[in-house]
Amino acid sequence: MSKANDITLRHIAGQTTERTVWQLLSVLTHGTSAQQIQVLTPDSIKLSGDSFRFEGGQRVAHSKSEQQGAYSAPETFTSAAVNVDAAAVWTLGALAFYALMGMDVFEGRGGVSQTADTDVPHISSSHASHQLGSIIHQCLAYNPSQRPSIATIHDMAITQLSSPITPQRRLTTSSGKTYATSLVKFWPEEMVAVLLVAVLSLVSNTVLAQSSQGISDDDEINSLVERCIKLRQRSNVQQVLREFDGDMEWTMMDEIKIDRKGECSMRDKVDMFGVNDIGFSILKRSGGVTNTGDRLRDGRDPRYNYSFIEITVKAGATVGYDIPGRVGRQSFVIVPYSASAALNVGMTLNGKSISSVAAGSDGIRTINVSEAVKADDKLHLTLSNRSASNQSFVIINYNSHGNE
């Protein structure tokens, strides 16, 4: 039983680094029986120094409650024979997903709700490397035979932990020593890493500020675009979150109608910015995330001139978006996750093509609607992904609401 002052996995979920998740998998797969793994929950996994320890117990008889099913494999809720090792692997995947994302898989219902047709989520590159996202995805497979073994997970965790990512170039002092060498005498190893990340972030942001000429004469549009560009590097997520959090001029464009045929599903691998996660989390804290909340997820809301949404398009596919209720002058910016993405963008107003689509650096496309749009006009955006891989895009809209 956890004590009140224990720090458990539940306390740090959603705030862990990738290395921490690999450490978790390494500890849980070393000398631990499958039966012990199966009974683990976030509250029974405790932090001890810089590592983890856990407390197991007797398996509680299953009910169909969401909480009890969150970390149990789907086959444990059926009358079929259970491969204990494979079921334990599913639990490892559910715990790793929770540690990284701060939420239970399948919205807390876990294995009790999973079927052969349930989409297993792919964790985007905004949250994890391909290696970690892939192993979690495999662990959560509905079919036990498609899951990796406990030994495979352990070996992969050890490999990842023994091969830290290091920059090709090292920051050095004027004497030629690395900053890490200079700092290590005075700071713990983890603090050195934090300081180096901060320095690198400052350098990269300075370069970005110097090289970016802006794609618009609208400062807010330029800020939103620059945040998207920063999110192409996972190290910038926290900084961008703070920038969005301090900017009250935007809301989410959650009202657009999408032709889903060419859109990626949860089964499709695609690298993403993660701006929807950032936006929704901020809106939730600032007044609600539904269209009945205080702060709407709707670009038609007259309180906000700027809105955005991240969407995905399959390789070679074309997706259409109806954008209702715009009034007055309109501008749209499309930012691809990959600066080299091949894409075609088009827009029609009441079925008539708008030809003023401009291509800029970083793969960005801009559309300025020259005539004032009326509330009942029909704006339709078409986005074609001509790349050989699935792509994500952020659509940014300036809506004047007729207040030119």
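## Close-up views of a predicted model

**View 1. Asp-218 caps the N-terminal end of helix 10.** A side-chain oxygen of Asp-218 lies 2.9 Å from the backbone nitrogen of Glu-220. The model shown here, and in each view below, is predicted. Helix 10 covers residues 219–230, twelve residues in total. From its first C-alpha to its last, helix 10 reaches 16 Å. That is close to the 16 Å expected at 1.5 Å a residue.

**View 2. Helix 10 is largely enclosed by the rest of the structure.** Nine of its twelve residues are buried, so little of helix 10 escapes the description "largely enclosed". Near the start of helix 10, the buried residues include Glu-220, Ile-221 and Asn-222. Leu-224 and Val-225 are also among the buried residues. Arg-227, Cys-228, Ile-229 and Lys-230 are buried as well. The list holds charged names such as Glu-220, Arg-227 and Lys-230 beside Ile-221 and Leu-224.**View 3. Helix 10 packs against helix 11.** Helix 11 is formed by residues 237–245. The axes of helix 10 and helix 11 come within 9 Å. They cross at roughly 160 degrees. An angle over 145 degrees counts as roughly antiparallel, so helix 10 and helix 11 are roughly antiparallel to each other. Their crossing is left-handed.

**View 4. Helix 2 meets helix 5.** Helix 2 runs over residues 18–28, and helix 5 over residues 84–101. Their axes come within 10 Å and cross at roughly 155 degrees. That makes helix 2 roughly antiparallel to helix 5. This crossing is right-handed.

**View 5. Helix 5 is mostly covered.** Of its 18 residues, 16 are buried. Helix 5 reaches 26 Å from its first C-alpha to its last. The span expected at 1.5 Å a residue is 26 Å, and helix 5 is close to that value. At the start of helix 5 stands a polar contact from Asn-83. A side-chain oxygen of Asn-83 reaches to within 3.1 Å of the backbone nitrogen of Asp-85. Just after helix 5 comes Gly-102, with a positive phi of about 75 degrees.

**View 6. Helix 2 also packs with helix 6.** Helix 6 spans residues 130–139. The axes of helix 2 and helix 6 are 11 Å apart, and the packing angle is about 40 degrees. Helix 2 and helix 6 are therefore oblique to each other. Helix 2 passes helix 6 in a left-handed crossing.

**View 7. Ser-400 contacts the backbone of Arg-329.** The side chain of Ser-400 reaches the backbone nitrogen of Arg-329 at 2.8 Å. Ser-400 sits in the segment after strand 13, which covers 391–399. Ser-400 is buried, with a relative accessible area of 2%. Arg-329 belongs to strand 7, residues 328–336. Arg-329 counts as partly exposed, at 41% relative accessibility. Tyr-398 is another residue to find in this view. Arg-329 and Tyr-398 are 69 residues apart in sequence. In space they are 8.0 Å apart, C-alpha to C-alpha.

**View 8. Asn-350 has a positive phi in a loop.** Most residues other than glycine have a negative phi. Phi of Asn-350 is near 55 degrees. Asn-350 lies in the loop between strand 8 (343–349) and strand 9 (352–354). Its relative accessible area is 46%, and Asn-350 is partly exposed.

**View 9. Asp-362 also takes a positive phi.** The value is about 60 degrees, although Asp-362 is not a glycine. Asp-362 is placed in the loop between strand 10 (357–359) and strand 11 (365–373). Asp-362 is partly exposed, with a relative accessible area of 32%.

**View 10. Cys-139 and Cys-264 are buried cysteines.** The relative accessible area of Cys-139 is 3%. For Cys-264 the value is 12%. A disulfide is a covalent bond between the sulfur atoms of two cysteines. The structure holds zero disulfides.

Key
Residues numbered from 1 in each chain as written. Predicted model: local features only at pLDDT ≥ 70, side-chain atom pairs only at ≥ 80, totals over all residues. Heavy atoms only, no water. Helix = DSSP H or I, 4+ residues; strand = E, 2+ residues; numbered from the N terminus. Expected span 1.5 Å × (residues − 1). Buried < 20%, exposed > 50% of the residue type's maximum accessible area, 1.4 Å probe, protein only. Polar contact = N/O pair within 3.5 Å; in protein donor to acceptor, adjacent residues only side chain to side chain. Disulfide = S-S within 2.5 Å. Axes fitted to C-alpha atoms, helices over the stretch in contact; angles between N-to-C directions. Parallel < 35°, antiparallel > 145°, perpendicular 65-115°, else oblique. Left-handed = near helix turned anticlockwise from the far one by under 90°.
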